[in-house]
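Open your viewer, switch to a cartoon view and keep the selection box handy. We will go stop by stop, with something to select at each one.

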Amino acid sequence: MIRTGIVLPTFRETPVDALQAAHRAFEAGVDGVFCYDHIWPLGEPDRPSLAPFPILAALAASRGMPTTPGGGPYFGTLVARVGLAPNEVLLGQFRALDLLAPGRIIAGLGTGDRLSEAENRAYGIPFPPAAERRADMVELGRVVRALDITVWVAGGPAARVTEARAVGAALTLWDADPALVASRARGPEAVEVTWGGPPPKGGATLESKTLELARAGATWAIFGWPVDPAALAAAARVAGAEAPARGSGA
């Protein structure tokens, strides 16, 4: 079985679209909803970006949400960036979310890269070398894991597994080719792999992409907005019937 998720539309002035999209997703049977952690959309500093944790908290505190086929609803970051706030602050926010929805929080962690560096610089937030950022991510990931909260660690374009292994977490990859997913999920140093990326383009469909990722060994397929929740849930059902099962991922 592969679980599915949607990255909510948070590049907005208000949370209305994000909250409505989340409720539509869960009603359709999508397993999880996720939020970016950006000060502005990449390369567009004049546009707004809502902070992830208040959105996720509002959803996690909601009552009466339907149970999804994959055991959700799940709520997560994709990804919370170490360094934008101190590790202690990020830890407190994940702890608070877990109190609202125990066992259904996913702490996706990342370090940022050269594309997001300008966000830090604009607000006087330090942007240490990559090795230092990765070390901070591992430190935070271990503490969050010790609270029995699911942790995913971003592997970057090279799909690094070192940090995921150090944390005991899943490796999460953004817009990675399914062949790269398979090499990490089924290779000699296999780790659990979750995938996030933009909606399919060209001739690809949600069904074909989700099935391809499931066959590669991904335990989650998460698509950025806009995406049709009903079509995504249906794609997961097809993939679950046709692709071999792997670990649950949460």
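In which loop is V79 found? Select V79 and you will land in the loop between β3 (74-77) and β4 (80-81). Helices (H or I, at least four residues) and strands (E, at least two) are DSSP runs, numbered from the N terminus.

Before moving on, please note that this is a predicted model, in which local features need pLDDT of at least 70 and side-chain atom pairs count only at pLDDT 80 or more, while totals for chains, interfaces and linings use all residues. Residues are numbered from 1 along each chain as its sequence is written, and side-chain values use heavy atoms, with hydrogens and water left out.

**Stop 1: two cis peptide bonds**

Stay on V79 and add L78: a cis peptide bond joins L78 and V79, with omega at about -5 degrees. Now select W225 and P226, where another cis peptide bond has an omega of about 5 degrees. P226 sits in the loop between β9 and α9.

**Stop 2: F34**

Next, select F34 in strand β2 (residues 32-35). Is F34 buried or exposed? With a relative accessible area of 0%, F34 is buried (buried means under 20% relative accessible area, exposed over 50%, partly exposed in between, with a 1.4 Å probe and protein chains only). Show its neighbours: leaving aside residues up to four places away in sequence, F34 touches G5, I6, V7, L8, G76, T77, L78, I106, W152, W220 and I222. Contact here means heavy atoms within 4.5 Å. L78, from the cis bond with V79, is among the residues that F34 touches.

**Stop 3: α2 against α3**

Colour helix α2 (residues 52-60) and helix α3 (residues 87-100), which pack at an angle of about 15 degrees with their axes 9 Å apart. Axes are lines fitted to C-alpha atoms, for helices over the stretch in contact, and angles run from 0 to 180 degrees between N-to-C directions. The two helices, α2 and α3, are therefore roughly parallel to each other (angles under 35 degrees count as roughly parallel, over 145 as roughly antiparallel, 65 to 115 as roughly perpendicular and the rest as oblique). Their crossing is left-handed, a term used if the near helix is turned anticlockwise from the far one by less than a right angle, with right-handed used if clockwise.

Show side chains for F53, L56, A57 and A60 of α2, then L90, Q93, F94, L97 and L100 of α3; these make the contact. By class, the contact of α2 with α3 has 8 nonpolar, 1 polar and no charged residues. Ala, Val, Leu, Ile, Met, Phe, Trp, Tyr, Cys and Pro count as nonpolar, Asp, Glu, Lys and Arg as charged, and the others, Gly among them, as polar.

**Stop 4: α3 against α5**

Keep α3 and add helix α5 (residues 130-146): α3 and α5 pack at an angle of about 30 degrees, with axes 10 Å apart. That makes α3 roughly parallel to α5, and the crossing of α3 and α5 is right-handed. Here N87, L90, L91 and F94 in α3 meet D136, E139, L140, V143 and V144 in α5. This contact of α3 with α5 has 6 nonpolar, 1 polar and 2 charged residues.

Then step to D148, in the loop between α5 and β6 (150-154). Phi of D148 is near 65 degrees, a positive value in a residue other than glycine.

**Stop 5: salt bridges**

How many salt bridges does the structure hold? There are 7 salt bridges, each a side-chain nitrogen of Lys or Arg within 4 Å of a carboxyl oxygen of Asp or Glu. Select R160 and E163, whose side chains meet at 2.7 Å, N to O. E163 is buried, at 7% relative accessible area, whereas R160 is partly exposed, at 33%. Add R134 to see the network that links R134, R160 and E163.

Finish with R215 and E242, whose salt bridge spans 3.3 Å, N to O. R215 lies in helix α8 (residues 206-216) and E242 in helix α9 (residues 229-242), so the pair ties together parts that are 27 residues apart in sequence. Just after α8, select G217, which takes a positive phi of about 110 degrees.
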